[in-house]
Amino acid sequence: MDFFDKLYDEHEKVRVRFVGFATEQTRYDFGIVYTDMFFGKPLVICMQTGRSTLLDPKDLEDIEYIQSAFRIKDLQQAKDLVEFFTEALPETPFQTQYE
């Protein structure tokens, strides 16, 4: 590995929440990793598809981003996810990551 420049190698104890829920149309299973990395944005992983993204409450204002991140075609399904994540994601104040 002499030809790689290591950018970071951090160890951190994190809080992880696993949650499954169902709407009228779909079942969801998510892992939410609350970390101080990534500017404080939680890492959200769909346990069914393996798709993941960093999300904070501001990201939830862009429904097309949610649809794209989790490859959801149905607008109502995306709205259901936004409603869930609005409750599940904490407000994250901007944290300086790099100096």
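The buried residues of helix α1 are covered by several elements, including β2, β3, β4 and α2. Keep in mind that this is a predicted model. Which residues of α1 are buried? They are Ile66, Gln67, Ala69 and Phe70. These residues cover an arc of only 165° around the axis, so they sit on the same side of α1. Now turn to the face pointing away from that buried side. There you find the exposed residues Glu64 and Ser68.

Take one residue from the buried side. Gln67 is found in helix α1. Its relative accessibility is 16%. Buried means under 20%, so Gln67 counts as buried. What does Gln67 touch, once residues up to four places away in sequence are set aside? The answer is Ile72, Lys73, Asp74, Leu75 and Ala78.

Step back to the whole chain. It holds 2 helices and 4 strands. Read from the N terminus, the elements run β-β-β-β-α-α. The chain has 99 residues, and 34% of them count as buried. Its accessible surface comes to about 7400 Å². Carbon and sulfur atoms account for 50% of that surface. Contacts also link distant parts of the sequence. Take the contacts between residues at least 6 apart in sequence: 38% of them join residues at least 24 apart.

Next, follow the strands. β1 and β2 pair in the antiparallel sense, over 8 bridges. A hairpin connects β1 to β2 through 4 residues. In this pair, Arg15 stands opposite Tyr34 of β2.

β2 also pairs with β3, again in the antiparallel sense, over 4 bridges. Here Ile32 has Val44 of β3 as its bridge partner. Between β2 and β3 lies a loop, and Phe38 has its place there. Phe38 is not a glycine, yet it has a positive phi of about 60°. Is Phe38 buried or partly exposed? With a relative accessible area of 32%, Phe38 is partly exposed.

β3 goes on to join β4, which covers residues 52-54. The two strands run antiparallel, and 3 bridges join them. Val44 appears again here: its bridge partner in β4 is Thr53. The hairpin of β3 and β4 has 5 residues between the strands. In that hairpin, Gly50 takes a positive phi near 85°.

Look along β3 itself. Which way do its side chains point? They alternate. Val44 and Cys46 point to one face and are buried. Leu43 and Ile45 point to the other face and are not buried.

After the strands come the helices. α1 is followed by Arg71. The place of Arg71 is in the loop between α1 and α2. Like Phe38, Arg71 deserves a look at its backbone. Arg71 has a positive phi of about 50°, although it is not a glycine. Arg71 is exposed, with a relative accessible area of 65%.

The second helix, α2, spans residues 75-88. How far apart should the ends of its 14 residues be? At 1.5 Å a residue, the expected span is 20 Å. The end C-alpha atoms are 20 Å apart, so the model agrees with the expected value. Asp74 caps the N-terminal end of α2. One of its side-chain oxygens lies 3.1 Å from the backbone nitrogen of Gln76.

Leu75 is found in α2 as well. Its relative accessible area is 41%, which makes Leu75 partly exposed. Leaving aside neighbours within four places in sequence, Leu75 is in contact with Ile63 and Gln67. Leu75 and Ile63 are 12 residues apart in sequence. In space, their C-alpha atoms are 8.2 Å apart.

Finish with the buried residues of α2. They are Gln77, Ala78, Asp80, Leu81, Val82, Phe84, Phe85 and Ala88. What do these residues pack against? They pack against the strands β1 (15-22), β2 (27-34) and β3 (43-46), and against helix α1 (63-70). That brings you back to the starting point, since α2 is among the elements that cover the buried residues of α1.

Note on methods. Residues numbered from 1 in each chain as written. Predicted model: local features only at pLDDT ≥ 70, side-chain atom pairs only at ≥ 80, totals over all residues. Heavy atoms only, no water. Expected span 1.5 Å × (residues − 1). Buried < 20%, exposed > 50% of the residue type's maximum accessible area, 1.4 Å probe, protein only. Contact = heavy atoms within 4.5 Å. Polar contact = N/O pair within 3.5 Å; in protein donor to acceptor, adjacent residues only side chain to side chain. Pairing = 2+ DSSP bridges. Arc of directions from axis to C-beta. Areas by Shrake-Rupley, 256 points an atom, 1.4 Å probe, with all protein chains shown as cover.
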